[in-house]
Amino acid sequence: MDWSDSLLWPGGKLLGIEWSAWKVVGWIGNAIFTSRFVVQWYASERQGRVVIPTLFWWLSLSGSLLLLAYSLFHKRDSVLIAAYGFSWIPYLRNLVLHRRSKNARPRCPKCDAPTDTGDRFCSQCGIGLPTDTPGT
Ligand SMILES: [Zn+2]
């Protein structure tokens, strides 16, 4: 047995984990929930400022619901159930608020893509956008 066997298959089990269908659900939920940090970090680095993309809230919602299902139906652990039992509520609410604010945003006159206040160019088609303050 070499070092990779002892790292990947300790005790003859993948990663030393006793796998079951619920374990897979829990690990997928964990991976989805954790991936939201990578998504948020990448979006912020890309824009050079702190941003929270919609995908962050979708990953938060889906990951927490999978972890809640794992906690409720498999683990039946009060600590985990309390941790994930209510966290989905603000994630869902943020998605609703995001949808509302997105619908309220000004739209590009050429391609109808939503724009942000202060944008000088459309992010979709690239045309110059009208500004409220002349000379800027
Ligand atoms: Zn456009």
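What follows is a walk through this predicted model, from its overall layout down to a few individual residues.

Let's start with the big picture. The protein has 5 helices and 0 strands, so there is no sheet to look for, and from the N terminus on the elements simply run α-α-α-α-α. How spread out is the whole thing? The radius of gyration comes to 22 Å, well over the 14 Å that the globule rule gives for 136 residues, so the protein is more spread out than a compact globule. The C-alpha trace tells a matching story in its own terms, spanning about 70 × 40 × 25 Å along the principal axes. Burial is worth a look here too: buried residues make up 11% of the 136 residues. As for contacts between residues at least 6 apart in sequence, 38% of them join residues at least 24 apart.

The chain is divided into two domains, with domain 1 covering 20–104 and domain 2 covering 106–136. If you take their centres over C-alpha atoms, 32 Å separate the two. A pair of residues gives another feel for distances in the model: Val38, which lies in helix H2, and Phe121 are 83 residues apart along the chain, and their C-alpha atoms are separated by 27 Å.

Now for the inside. Which residues form the largest nonpolar core? There are 9 of them: Phe33, Phe56, Trp57, Leu59, Leu61, Leu66, Leu67, Tyr70 and Tyr84. Helix H3, residues 54–75, supplies the largest share of this core, with 7 residues. That fits a familiar pattern: in soluble globular proteins, nonpolar side chains tend to be buried together.

H3 deserves a longer stop. Its 22 residues should span 32 Å at 1.5 Å a residue, and its end C-alpha atoms are 30 Å apart, which agrees. The buried residues of H3 go beyond its core members: Ser60, Gly63, Ser64 and Ser71 are among them, alongside Phe56, Trp57 and others. What do these buried residues pack against? Their partners are H2, H4 and H5. For a closer view, pick Leu66: leaving aside neighbours within four places in sequence, Leu66 is in contact with Val25, Ile28, Gly29 and Ile32. The spacing of those partners is worth keeping in mind alongside a bit of helix geometry. An α-helix has 3.6 residues a turn, so residues three or four places apart point the same way.

Move along H2, residues 21–47, and you reach Val39. Is Val39 buried, partly exposed or exposed? With 17 C-beta neighbours inside 10 Å, Val39 counts as partly exposed, because a residue needs 20 or more to be buried. Even so, Val39 has company from elsewhere in the sequence, touching Pro53, Leu55, Phe56 and Leu59 once residues up to four places away are set aside. Thr54 is 15 residues from Val39 in sequence, and the two are 9.8 Å apart in space, C-alpha to C-alpha. Val38, by contrast, is exposed, with 11 other C-beta atoms within 10 Å.

Helix H5, residues 88–104, makes a good counterpoint to H3. H5 has 17 residues and reaches 24 Å from its first C-alpha to its last, close to the 24 Å expected at 1.5 Å a residue. How many of its residues are buried? The number is 0, so H5 lies largely in the open.

Two backbone details are easy to miss on a quick pass. Leu15 sits in the loop between helix H1 (3–8) and H2, and has a positive phi of about 60° although it is not a glycine. Leu15 counts as exposed, with 11 C-beta neighbours inside 10 Å. Arg76 also has a positive phi, of about 50°, and is not a glycine either. You'll find Arg76 just after H3, in the loop between H3 and helix H4 (78–85). Arg76 is exposed as well, with 9 other C-beta atoms within 10 Å.

To finish, follow the chain into the segment after H5, where Pro109 is placed. Pro109 counts as exposed, with 12 C-beta neighbours inside 10 Å. Its C-alpha is 9.8 Å from that of Gly128, although the two are 19 residues apart in sequence.

Note on methods. Residues numbered from 1 in each chain as written. Predicted model: local features only at pLDDT ≥ 70, side-chain atom pairs only at ≥ 80, totals over all residues. Domains from an automatic or database assignment. Core = buried A, V, L, I, M, F, W, Y, C linked by C-beta atoms within 7 Å. Helix = DSSP H or I, 4+ residues; strand = E, 2+ residues; numbered from the N terminus. Contact = placed C-beta atoms within 7 Å. Rg over C-alpha atoms; globule rule 2.2 N^0.38 Å. Expected span 1.5 Å × (residues − 1).
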